[in-house]
Amino acid sequence: MSDNKKPEQNQDLSKTSAPQMGADGVPLDASPEEREAALAANEVETMSELAIAQAEVATLKAKVADLQDQYVRGQAEVQNARRRADEDVSKARTFAVEAFAESLLPVTDSLEAGLAIKDATIEQVREGESLKAMREGMAATLRQLTSALERNKVVAINPEAGAKFDPHQHQAISVVPSDLEANSVVMVLQKGYLIADRVLRPALVTVSAPK
C-alpha cells in the first residue's frame, strides 16, 4: 500500500529591489544603449516642458501688453471726457448769459423809445394824456422785463397778506400788531426773487405780532 503525497510547491517570496538611479535619472545598471535612450527621452521631455513654459510666458506677455494698452486708452478717454465736460460747462455759462442778455434787449429798446419822446406840452400834461401814455409805456416795459426774468428762471417772491412767514424766503423788517394769525406776513415792503429755486434775494416783509 503506497502513501499518496502531494508535492510541496515552493513559492519564491523574495522581492526584487528597486533599481538604483544615477544623478541623470538613469538606472546605474542600465546598458550603454539603455542609458543613451533614457538620456535622449529625458532631453526630449525637458525640451517639451521648456517649450510649454516659453509659450505660457509669451501668452502672459501678450496679456500684459493688452492690459497696458487698455489702461492707456482708458486714461485717454477719461481725459477727453473731462475736457469735453469742461468745455460744455464753459459753453453753458456763456450761452446762459447770452440768452439772458438777449431776453433783456426788448426791455432796453422800450426804455430807449420812451426816453426818445420829446417833452409833453402843458396842455397834454393838464389833460393827463402824457402821464397816461408814460404809465402805459412803463407797464409794458415792466411786463417785458418780468417775462425775460421768468424765461431765465428768475421768479418773484411776493407773498400775499396772511401768508405764513417763511424764514428761507422772507426777511422780517418789523413785527406789527395785526388781526392776522401770529407770525404771518402783513405787508411786502420789497419783493424777493428766486433763481432756479434758489433765493436770489429774500422778500422784505412786516410780520404780525403774537396776540
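## Salt bridges, core and sheet in a predicted model

Two salt bridges are found when the whole structure is searched. The structure is a predicted model, and the pairs are listed below.

| Salt bridge | N to O distance | Accessibility of the Arg | Accessibility of the acid |
|---|---|---|---|
| Arg73 and Asp69 | 2.8 Å | Arg73, 54% | Asp69, 35% |
| Arg83 and Glu87 | 3.4 Å | Arg83, 41% | Glu87, 36% |

Arg73 and Asp69 both belong to helix H1, which covers residues 32-116, and they are four residues apart, about one turn of the helix. Arg83 and Glu87 also lie in helix H1, four residues apart, again about one turn. Side chains of opposite charge can pair when their charged atoms come close. Arg73 counts as exposed, since its relative accessible area is 54% and exposed means over 50%. Asp69 is partly exposed at 35%. In the other pair, Glu87 is partly exposed at 36%, and Arg83 is partly exposed at 41%.

### Confidence

The average pLDDT of the protein chain is 81, and 74% of the residues reach at least 70. In residues 5-15 the pLDDT falls below 50, and this stretch makes zero contacts in the model beyond near neighbours in sequence.

### Nonpolar core

The largest nonpolar core has seven residues: Ile157, Phe165, Val185, Leu194, Ala203, Val205 and Val207. Strand S6, residues 203-208, contributes the most to this core, with three residues. In soluble globular proteins, nonpolar side chains tend to be buried together.

Ile157, a member of this core, has contacts beyond its neighbours within four places in sequence. These are with Gln169, His170, Lys191, Gly192, Tyr193, Leu194, Arg201 and Ala203. Leu194 and Ala203 are also listed in the core.

### Sheet

Strands S2, S6 and S3 form an open sheet in the order S2-S6-S3, with mixed pairing. S2 and S3 are the edge strands; each has a single partner strand, so one side of each has no neighbour in the sheet. On average, neighbouring strands of this sheet are turned by 30° against each other, direction ignored. S2 and S6 run parallel and are joined by six bridges. Val176 has Ser208 of S6 as its bridge partner.

### Ser184

Is Ser184, in the loop between strands S2 and S3, buried or exposed? Ser184 is buried because its relative accessible area is 2%, and buried means under 20%. The loop that holds Ser184 runs between strand S2 (170-176) and strand S3 (185-190). Outside its neighbours within four places in sequence, Ser184 contacts Gly162, Ala163, Phe165, Thr206, Val207 and Ser208. Of these contacts, Phe165 and Val207 are listed in the nonpolar core, while Ser208 is the bridge partner of Val176.

### Positive phi values

Most residues other than glycine have a negative phi. Lys153, which is not a glycine, has a positive phi of about 65°. Lys153 sits in the loop between helix H3 (129-151) and strand S1 (154-157). With a relative accessibility of 56%, Lys153 counts as exposed. Ala196 also has a positive phi, near 55°, and is a residue other than glycine. Ala196 is placed in the loop between strand S4 (192-195) and strand S5 (198-201).

Definitions and conventions: Residues numbered from 1 in each chain as written. Predicted model: local features only at pLDDT ≥ 70, side-chain atom pairs only at ≥ 80, totals over all residues. Heavy atoms only, no water. Helix = DSSP H or I, 4+ residues; strand = E, 2+ residues; numbered from the N terminus. Buried < 20%, exposed > 50% of the residue type's maximum accessible area, 1.4 Å probe, protein only. Contact = heavy atoms within 4.5 Å. Salt bridge = Lys/Arg side-chain N within 4 Å of Asp/Glu carboxyl O. Core = buried A, V, L, I, M, F, W, Y, C linked by side-chain atoms within 4.5 Å. pLDDT = per-residue confidence, 0-100. Pairing = 2+ DSSP bridges. Axes fitted to C-alpha atoms, helices over the stretch in contact; angles between N-to-C directions.
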